[in-house]
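Colleague: I would like a close look at a single part of this model, followed through its surroundings in one connected account. Please keep to what the coordinates support.

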Amino acid sequence: MAEDRGGTTAAFGDEPRAGVEREGLSVDGHAGPNTKAALYGAVTPPSSPPPGGGYAKILDVARAEVGTVEGSARANSYGSAVGLSLSTGNYAWRATFVSWVAEQTGASSYRSSYVSGWVKQARAGNYHLSVTASPQPGDIVAFDWDGGSDFTGGNEHIGIVRTVSGSSFTTVEGNTGDPNGGRDGVYVKSRSTSSGYDVVFVRVR
């Protein structure tokens, strides 16, 4: 869920009416599909990657989603993996994205919209999930921003490991901030195991 919802003023400038007209839209006081497309970009989802491929395809599937913005039809479709039909603008969908990637690849049958669930199952060795101290591209990584390693309370996050270099690594994450300042979405982030937050790496095999 985005921290800054923005709106027509942010998207069209200090004079929304002029901005709407500049986009070739009629001013009727309603944000219809054309206005939403001008605000958020095209919302027609591309075709989904074919299911299958197991853990070896986790990173490929996640990486193909980079740039998908929160609230778009594509992002909203991720909720189907956990039985949700909500807009991603209305809930924290970070673990939902990981569940969707797992569903697309068939890497694990586990699905949860909660980061704590993913960590709990990995610690228990269930659903082909386990905790690893030697992360590799394609692993899942969970963060507990305020420490304690309970991965609850709204201070948790989760993503897919993209690259690893010593204590530094990059990820593909859903429900994360746009590095260029746009809407939240699926983006690549730089992280570290020495930045003061708790990190658990999850191997899917």
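Which strands does helix 6 lie across, and at about what angle does helix 6 run to strand 3?

Modeller: Bearing in mind that this is a predicted model, helix 6 lies across strand 2, strand 3, strand 4 (168–176) and strand 5, and its direction makes an angle of about 55 degrees with strand 3. The strands in question belong to an open sheet of six, ordered 1-6-2-3-4-5 and paired in antiparallel fashion. Strand 1 (129–132) and strand 5 (185–192) stand at the edges, and each has a single partner strand, so one side of each is left without a neighbour in the sheet. On average, neighbouring strands of this sheet are turned by 35 degrees against each other, if direction is ignored. Within the sheet, strand 2 and strand 6 run antiparallel and are joined by five bridges; aspartate 144, for instance, has aspartate 198 in strand 6 as its bridge partner.

What helix 6 contributes to the interior can be followed through the largest nonpolar core, which has 32 residues, and in which Phe97, Trp118, Ile140 and Ile158 touch the most other members. At least two residues of this core come from each of helix 4 (58–63), helix 6 (94–105), helix 7 (115–124), strand 2 (140–144), strand 3 (156–165) and strand 6 (198–204). Helix 6 provides the largest share, six residues. The surroundings of isoleucine 158 give a local picture of this packing: leaving aside residues up to four places away in sequence, isoleucine 158 touches Arg94, Ala95, Val98, Val115, Trp118, Ile140, Val141, Ala142, Phe143 and Glu173. A second core, separate and made of six residues, includes Phe143, Phe169, Tyr197 and Phe201. Those four residues, together with Trp145, also form one aromatic cluster, and the charged end of arginine 191 sits over the ring of phenylalanine 143 at 5.4 Å from its centre.

Helix 7 belongs in the account as well, since helix 6 is among the elements against which the buried residues of helix 7 pack, together with strand 1, strand 2, strand 3 and strand 6. These buried residues are Val115, Gly117, Trp118, Val119, Gln121 and Ala122. Helix 7 lies across strand 1, strand 2, strand 3 and strand 6, and runs at about 85 degrees to strand 1. Glycine 125, which follows helix 7, has a positive phi, near 75 degrees.

The segment leading into helix 6 deserves a look too. Of the 11 aromatic pairs counted, one is formed by tyrosine 78 and tryptophan 93, a tilted pair with 5.9 Å from centre to centre and 35 degrees between the planes. Both residues lie in the loop between helix 5 (73–77) and helix 6, so the pair ties together parts that are 15 residues apart in sequence. Tyrosine 78 and tryptophan 93 are both buried. Serine 72, for its part, is placed in the loop between helix 4 and helix 5, and its relative accessibility of 5% counts as buried. The C-alpha atoms of serine 72 and threonine 88 are 7.9 Å apart in space, although the two residues are 16 apart in sequence.

Technical notes:
Residues are numbered from 1 along each chain as its sequence is written. This is a predicted model: local features need pLDDT of at least 70, side-chain atom pairs count only at pLDDT 80 or more; totals for chains, interfaces and linings use all residues. Side-chain values use heavy atoms; hydrogens and water are left out. A nonpolar core is a set of buried Ala, Val, Leu, Ile, Met, Phe, Trp, Tyr and Cys residues joined through side-chain atoms within 4.5 Å. Buried means under 20% relative accessible area, exposed over 50%, partly exposed in between (1.4 Å probe, protein chains only). Helices (H or I, at least four residues) and strands (E, at least two) are DSSP runs, numbered from the N terminus. Contact means heavy atoms within 4.5 Å. Two strands pair if DSSP finds at least two bridges between them. Axes are lines fitted to C-alpha atoms, for helices over the stretch in contact, and angles run from 0 to 180 degrees between N-to-C directions. Rings of Phe, Tyr and Trp (its six-membered ring) pair if their centres lie within 6.5 Å; planes under 30 degrees apart count as stacked, over 60 as edge-to-face and the rest as tilted. A charge sits over a ring if NZ of Lys or CZ of Arg is within 6 Å of the ring centre and within 35 degrees of the ring normal.
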